[in-house]
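Here's a quick walk through one fold, written for someone who would rather look at geometry than read a catalogue. Have the viewer open as you go.

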Amino acid sequence: MSEQEIPRVPMTTEEIEAANLGAPTRLDGRVTLHEYDPRWPAAFAREAALIEERLARLDHRIEHVGSTSVPGLPAKPVIDVLLIVPDSGDEPSYLPALEALGYRLAVREPEWYEHRVLRRHGIGPGADYVNLHVLSAGCPENDRMLRFRDRLRRHDGDRELYAATKRALAEQSWEYLQNYADAKSEVIGGIIERATAEEG
């Protein structure tokens, strides 16, 4: 069943600290972007295969999202993976299996779709680590993330706009990486609106 959409608004320092398990890593500087690396899809494929094996008994879906999933986009060398499960708030249904792979729960956002982020380092050439976003089936954010990815893969103009936005914002200084991510929200929202309008 689809949930009501909950807009993502810029997070305060207090909200960032509350969502992170342990102290969030401070950036206090610029974001380092890398040009697109053709090894990123292979890094995703390796992680997806490991997750598929561990979660074989749980109904789930795995998607490569974020900038590393879009050929031609500059990005941080971090593989963003979307894991859709029946209930992301039901951590015992998936967390122990993923912890056995070396994933660690890093972010818990009960008020925003019961969103969870798990991280795993040391994933091989081309990437520093994986951000594994866990959301429930029927969550509107799943559609937003996939619609955004697919729009950037198909539409040169929006891909170039997003790349230019990322490069400009990366030159600024940010307290936390989340602040940089939040600063992209308006451009992302416009791209998703155009994609939605064209889909009819």
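What follows covers the sheet, the helices around it and one cavity.

Keep in mind that this is a predicted model.

Let's start with the sheet. It is open, has five strands in the order β2-β3-β6-β5-β4, and its pairing is mixed. The edge positions go to β2 (61-65) and β4 (104-109); each has a single partner strand, so one side of each has no neighbour in the sheet. On average, neighbouring strands are turned by 25° against each other, direction ignored. Further in, β3 (residues 78-85) and β6 (residues 129-136) run in the parallel sense and pair over eight bridges. If you want a spot to zoom in on, D80 has N131 of β6 as its bridge partner.

Now for what lies on the sheet. Helix α2 (residues 40-54) lies across β2, β3, β5 (115-121) and β6, at about 160° to β2. Helix α4 also has sheet contacts: it lies across β2, β3 and β6, at about 45° to β2.

α4 packs against other helices too. Two packed helices are described by the angle between their axes and the distance between the axes, and here are those values:

| Helix pair | Angle | Axis distance |
|---|---|---|
| α4 (residues 140-154) and α5 (residues 156-170) | about 110° | 6 Å |
| α4 and α7 (residues 185-199) | roughly 85° | within 9 Å |

The angle in the α4 and α5 pair makes α4 roughly perpendicular to α5. On the α4 side, the contact is made by F148, R151, L152, R153 and R154, while α5 brings D156, D158, R159 and Y162. Sorted by class, the residues of this contact are three nonpolar, no polar and six charged.

What about α7? The crossing angle makes α4 roughly perpendicular to α7. R144, R147, F148, R151 and L152 of α4 meet I188, I191, I192, R194, A195, T196, E198 and E199 of α7. That contact of α4 with α7 divides into six nonpolar, one polar and six charged residues.

Finally, how many cavities of 30 Å³ or more are there? The count comes to one. The largest cavity holds about 40 Å³ of space. Its lining consists of E5, I6, P7, R8, W112, Y113, E141 and R144. By class, this lining splits into four nonpolar, no polar and four charged residues. R144 is worth a second click: it is in the cavity lining and also takes part in the contact of α4 with α7.

Definitions and conventions: Residues numbered from 1 in each chain as written. Predicted model: local features only at pLDDT ≥ 70, side-chain atom pairs only at ≥ 80, totals over all residues. Heavy atoms only, no water. Axes fitted to C-alpha atoms, helices over the stretch in contact; angles between N-to-C directions. Helix = DSSP H or I, 4+ residues; strand = E, 2+ residues; numbered from the N terminus. Parallel < 35°, antiparallel > 145°, perpendicular 65-115°, else oblique. Contact = heavy atoms within 4.5 Å. Nonpolar A, V, L, I, M, F, W, Y, C, P; charged D, E, K, R; others polar. 1 Å grid on protein atoms, 1.4 Å probe; cavity = no way out; pocket = protein on both sides within 12 Å on 5 of 7 lines; lining within 4 Å. Points joined across faces, edges and corners; volume = space filled by probe spheres on them. Pairing = 2+ DSSP bridges.
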